[in-house]
Amino acid sequence: MIRITTQKVILHVAFFIVVLLPLVTATQKHTEKIIHECSDHKVLELSPKLSFQIILHGILLWASMGFLMPIAILVIRMSNKEQNGRRLKMIAYTHAFFQILSVLLVAVATIMSVINFENFFDNNHQRLGLALYVAIWLPFIAGIFRPDRGSKNRGVWYAFHWLIGVTVTLLGIVNIYIGLQAYNTKTMKSTSVWNWLFSIEVGVIAFIYLFQEKWQYIKQSGGILGNESVRPTDQEASPTQKKEISPMA
């Protein structure tokens, strides 16, 4: 009963945010900016306030889709071969915590974007961002209504939850790169350092993801090699062998 009530409360909060977001658009403020022509393209001169808002917006989306969601995927993959019930619960709770925090940060970044920026959805970053804002709720809601282990719907649920989670994460990473490029195009400020740092992070996460796939095999191979390395001469001699090699009385 408590679990059902909690699920209803979370769903109502999620629905409340989704419904109110279009209403917030009506109160959208015009940003402080000066646009001038330079070499056949528009360069955006940012006020200190607007510059801070854009940077904060980028940090929130990086923390959500560029860090927390990939980490949540790495965490839940630790449960694939785990047999300990207590550890399984800890892994599941940690995964859920990262997912919930990620959704909340995306909601904050989206509302901040609607209030402070002009959103004409005339570029790929804004369009993909809007689609991701809707899609990011799907794995979150699916996680709430997950079937029990062993039930007939568990396989279908797992496939959907995994597919939508990985897809949203990958598209979120792509949109971060697109956002950095859009910032560079509009302001003519270099983003190469941020591109390199983010690429290193993505590379490390990808390496860990692939390493997790082979870790169990590495452990099993190590165990097999360890057993093969023990020769009969290293083992304790049997009573019969001891009798044969013992000196005559």
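Helix H6 is followed by Met188, a residue with a positive phi near 60°. The model is predicted. Met188 is not a glycine, yet its phi is positive. Its place is in the loop between helix H6 (154-187) and helix H7 (192-228).

Step back into H6 itself. It has 34 residues, and at 1.5 Å a residue these should span 50 Å. The end C-alpha atoms of H6 are 49 Å apart, so the helix agrees with that expectation.

Now turn to the interior. Nonpolar side chains tend to be buried together in soluble globular proteins. The largest nonpolar core here has 19 residues. Which of them touch the most other members? They are Met65, Val106, Ile136, Trp137 and Val168. Several helices build this core: helix H2 (48-76), helix H3 (85-116), H4, H5 and H6 each supply at least two residues. H3 gives the most, with five residues. Apart from this core lies another, of five residues. Among its members are Ala72, Val75, Ile91 and Phe98.

Val106 deserves a closer look. Leave aside its neighbours within four places in sequence. Val106 is then in contact with Leu61, Ser64, Met65, Tyr133 and Ile136. Two of these names, Met65 and Ile136, also appear among the core residues that touch the most other members.

Next comes Val108. Its place is in helix H3. Is Val108 buried, exposed or partly exposed? Its relative accessibility is 45%, so Val108 counts as partly exposed. The cut-offs explain the label: buried means under 20%, and exposed means over 50%. Val108 can also be placed against Leu61, a contact of Val106. Val108 and Leu61 are 47 residues apart in sequence. In space they are 9.2 Å apart, C-alpha to C-alpha.

The last stop is a pair of helices, H4 (residues 124-135) and H5 (residues 137-144). How do they pack? The angle between them is about 5°, and their axes are 5 Å apart. Angles under 35 degrees count as roughly parallel. H4 and H5 are therefore roughly parallel to each other. On the H4 side, the contact is made by Tyr133, Val134 and Ala135. On the H5 side, Trp137, Leu138 and Pro139 make it. What is the character of these residues? Six are nonpolar, with no polar and no charged residues in the contact. Two of the residues in this contact tie back to the core story. Trp137 is one of the core residues that touch the most other members, and Tyr133 is in contact with Val106.

Notes:
Residues numbered from 1 in each chain as written. Predicted model: local features only at pLDDT ≥ 70, side-chain atom pairs only at ≥ 80, totals over all residues. Heavy atoms only, no water. Axes fitted to C-alpha atoms, helices over the stretch in contact; angles between N-to-C directions. Helix = DSSP H or I, 4+ residues; strand = E, 2+ residues; numbered from the N terminus. Parallel < 35°, antiparallel > 145°, perpendicular 65-115°, else oblique. Contact = heavy atoms within 4.5 Å. Nonpolar A, V, L, I, M, F, W, Y, C, P; charged D, E, K, R; others polar. Core = buried A, V, L, I, M, F, W, Y, C linked by side-chain atoms within 4.5 Å. Buried < 20%, exposed > 50% of the residue type's maximum accessible area, 1.4 Å probe, protein only. Expected span 1.5 Å × (residues − 1).
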